[in-house]
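Q: Could you take me on a close look at the open sheet in this structure, and then show me what surrounds it? I am new to this one, so please explain the terms as you go.

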Amino acid sequence: MKPYVYITRKLPEETIVDLTELFEVKMWDHEDIPAPREVILKEAQKASALITMLSDKVDEEVLSAGESLKVVANLAVGFDNIDLEAATKRGIIVTNTPDVLTETTADLTFSLLMASARRIVEAAEYIKAGKWGGWSPYLLAGHDVFGKTIGIVGMGKIGEAVARRAKGFGMEILYHNRSQKHEAEKELCAVYSSFEDLVTKADFVVSLAPLTEETRNLFTADVFAKMKKNAIFINAGRGPVMDEQALYDALKNGEIAAAGLDVFEKEPISADHPLLELPNVTAIPHIGSASTETRTTMIKLCGANVKAVLTGDSPKTIVNK
Ligand code: DGY
């Protein structure tokens with residue numbers, strides 16, 4: 001009997017041919033509706049491999065549902081949705097999709113920064129709503145980007161790629177990270193800062209931090225209060241690193257100027273969430289790596305990792321070595 005591979009989202013058939021040639025493959029029926037938990041639990045009972053999305057909770061219950069599970073290939077660089085310790089204990093390999101999404105996610109992060117600074121979404125909504133009465137000197141005036149200071153929290157590969165873009169805009173670069181990045185310091189003149197120094201000095205505070213026990217709720221009311229009044233907060237990493245109520249208060253009370261958010265505490269964020277009512281919030285639905293090319297490459301990397309594990313080879317991008 002061929003090993004059974006379950007994919008928790010409908011993906012284009014042509015992106016998974018390498019798997020369908022070798023294994024029995026089944027996908028969830030919908031592209032944009034997540035597979036319900038009970039379906040994942042049922043499929044995990046017989047699966048040798050799961051290809052999962054960042055929105056699927058892969059916990060002990062899923063990992064222990066069956067006897068055959070050998071690999072969970074997560075379609076994301078982040079893997080905070082997976083209980084890594086439980087997987088490792090059971091000898092289940094977990095893989096992710098680093099590197100292939102670095103530049104695409106950096107493009108999106110920098111777009112969000114630019115859009116937030118220059119009020120692009122607000123301006124587009126304004127003109128479509130027929131509000132444009134005529135040119136005026138301060139109509140939709142935003143903030144400059146060139147020459148300002150960017151503070152990047154989470155200087156992984158995506159952080160460095162954002163820093164390279166910032167350098168092109170003549171920005172000063174501060175960063176905070178678990179470890180110091182000497183190459184980035186040389187190449188980009190990036191300056192390592194304490195978290196407190198960074199949030200106090202940066203005009204753009206950009207969070208690309210992964211979600212861990214240390215980063216959960218890192219951006220609190222106290223942190224927003226330390227930022228400059230004209231600071232713009234960008235989060236393209238993970239939502240739970242910020243206290244959304246505190247962010248709302250800081251934006252509403254003019255403690256900071258604006259926010260650009262690709263990620264939220266709870267996804268999808270509800271349409272009537274107070275943050276979405278603020279004109280100085282640019283919100284987009286977790287599309288960091290969402291270019292067609294990159295998503296296709298990510299899917300193929302998941303497929304290659306599954307194939308490697310099920311045929312006895314080493315996967316390319318294993319998380320729990
Ligand atoms: C990831 O891969 O972790 C990103 O959040 C996807 O956009």
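A: Let's begin with one pair of strands: strand E7 (residues 172-176) and E8 run parallel to each other and are joined over two bridges. In this pair, Leu174 has Val191 of E8 as its bridge partner. A strand here is a DSSP run of type E with at least two residues, a helix is a run of H or I with at least four, and both are numbered from the N terminus. Two strands count as paired if DSSP finds at least two bridges between them.

Before we go on, please note that this is a predicted model: local features need pLDDT of at least 70, side-chain atom pairs count only at pLDDT 80 or more, and totals for chains, interfaces and linings use all residues. Residues are numbered from 1 along each chain as its sequence is written. The protein chain has a mean pLDDT (the predictor's confidence in each residue, from 0 to 100) of 98, and 100% of its residues reach 70 or more. The model scores ipTM 0.93 and pTM 0.97.

Now for the whole sheet. E7 and E8 belong to an open sheet of seven strands with parallel pairing, in the order E8-E7-E6-E9-E10-E11-E12. Strand E8 (191-192) and strand E12 (281-283) are the edges; each has a single partner strand, so one side of each has no neighbour in the sheet. In general, strands of a sheet pair through backbone hydrogen bonds, either parallel or antiparallel.

Follow the chain into the loop between strand E11 (258-261) and E12 and you will meet Pro268. The peptide bond from Glu267 to Pro268 is cis, with omega near 0°. Another loop, between helix H5 (102-117) and helix H6 (120-128), holds Arg119. Arg119 is not a glycine, yet has a positive phi of about 55°.

How does this fit into the chain? The protein chain is divided into domain 1 (4-100 + 292-310) and domain 2 (102-283), with bounds from an automatic or database domain assignment. Their C-alpha centres lie 31 Å apart. Six residues of domain 1 are in contact with seven of domain 2, where contact means C-beta atoms, placed from the backbone, within 7 Å.

UniProt, in an unreviewed entry, annotates residues 111-288 as "domain: D-isomer specific 2-hydroxyacid dehydrogenase NAD-binding"; such annotations use the numbering used here, have shortened feature names, and may be inferred rather than shown by experiment. Over residues 111-288 the chain is 32% helix and 15% strand.

Finally, the residues around the ligand include Leu54, Val77, Thr105 and His286, a residue being near if its C-beta atom, placed from the backbone, lies within 6 Å.

Key. Two residues are in contact if their C-beta atoms, placed from the backbone, lie within 7 Å.
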